[in-house]
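Could you walk me through this structure, starting with how its strands pair and then turning to how two of its helices pack? A friendly tour in plain paragraphs would be ideal.

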Amino acid sequence: MAQTVCVIPSAADLAHLSAIVADRAQPLKHIQRARIVLLSAERLSVLDVARQAGVSRPAVWRWQQRYAEEGVEGLLRDKTRPPGKPPHSTDTVAEVLALTCSEPPGEVTHWTGRALAQAVGISLRSVQRIWDAHRLQPHRVRSFKRSNDPAFAEKVEDIVGLSMDPPRHAVVLSLDEKSQIQALERTRPSRPVTPGRPVTPGRPETQTHDYVRHGTTTLFAALDVLEGTVIGRCMQRHRHDEFLRFLNTIEAAVPAGKLIHVILDNYATHKHPKVRAWLARHPRWIFHFTPTSASWMNAVEGFFSALTRRRLKRGSFSGIVDLQAAINRYITEHNDRPKPFVWTKPAAAILNAVNGNAAPSE
């Protein structure tokens, strides 16, 4: 290809091309093409235009010709090209989908991309594109567990009713224990002063795998559903004696004259004879047990999750006292900015969803 046109832009085209070059939001290829035409309009040689625009001489000739034929709009539009390979037929796509949703041969549990590509006779990338287009992810699996509690529906309606329509002149508490919280001290024998590196651009925070364990503690926590505040207390053990001490802590914190509705799980400590005797002596307390295998209905589990992610998982503690102090500080900060727990799903919607996940044999 050689130069066959003489570029003479109009005043309107010069203004348009200059605006494209000055616009930093434009794609680089559009800016480069506009600069080629502007440099060509200055009567520079093809070699000088190519050197200043950072392209080859055939590229200069190509875009000079395109401007002469189609104007500025031709510089901003790429010509369409047929694909290098024809797309797979609908029969091939249907075969990939059918095999993906069926049991694989042999003792393997699921199809992999390479195994399916070999079985169908296409490339791995083709299988991946078909999976992406049809939102198939055979490498992933989601587990679920249905409660076998015979009073599941009644308990769901009870707990959801407390959360969505709490009784007046009462406190609704979501109570549970987070046991075996480990006091791990991150160490590095060769560099004890810097056990890890902070986050920097392009690199996440690093943390040494080495640690020293200084024991465990148990956090008893009660989340006020209406206020969002948490009453927490760390104890060394997880027995009915510690549970009763925590109940006494709540008893002292809640103003007299208010009923106390407590949502808690079916842990044996919560049903100990001494706990039942304590409840008999405190008639304003009412326990509401979650269904078996349904701890997700206990709102305080969300607080435990946030505590683990934001304070415990990446923390380093020199001992039990240090760990307990960190937990207490986190609870204090949480209570400074409490957020009420809002339950949005009615009991009927929950029951319908659970029944919809039933196994086909049921």
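In this predicted model, strand E1, covering residues 170-186, pairs with strand E4, residues 211-224, in the antiparallel sense, and 11 bridges link the two. To find your place in this pairing, look for Leu175, which stands opposite Ala222 in E4.

Now stay on E4 and look at its pairing with strand E5, residues 230-235: this pairing is also antiparallel, and it runs over six bridges. Ala222 is a handy landmark here too, since it stands opposite Ile231 in E5. Ala222 therefore helps you trace both pairings, with Leu175 opposite it in one and Ile231 opposite it in the other. As you follow the chain from E4 to E5, you pass through a hairpin with five residues between the strands. In that turn, Gly228 has a positive phi of about 90°.

Next, let's move to the helices. In general, two packed helices are described by the angle between their axes and the distance between the axes. For helix H1 (residues 11-22) and helix H4 (residues 57-75), the angle is about 45° and the axes are 11 Å apart. Angles that are neither roughly parallel, roughly antiparallel nor roughly perpendicular count as oblique, and H1 and H4 are therefore oblique to each other. The crossing of H1 past H4 is left-handed.

Which residues make this contact? From H1 come Asp13, His16, Leu17 and Ile20, and they meet Tyr67, Val72, Glu73 and Leu75 in H4. Sorted by class, five residues of the contact are nonpolar, one is polar and two are charged.

Technical notes
Residues numbered from 1 in each chain as written. Predicted model: local features only at pLDDT ≥ 70, side-chain atom pairs only at ≥ 80, totals over all residues. Heavy atoms only, no water. Pairing = 2+ DSSP bridges. Helix = DSSP H or I, 4+ residues; strand = E, 2+ residues; numbered from the N terminus. Axes fitted to C-alpha atoms, helices over the stretch in contact; angles between N-to-C directions. Parallel < 35°, antiparallel > 145°, perpendicular 65-115°, else oblique. Left-handed = near helix turned anticlockwise from the far one by under 90°. Contact = heavy atoms within 4.5 Å. Nonpolar A, V, L, I, M, F, W, Y, C, P; charged D, E, K, R; others polar.
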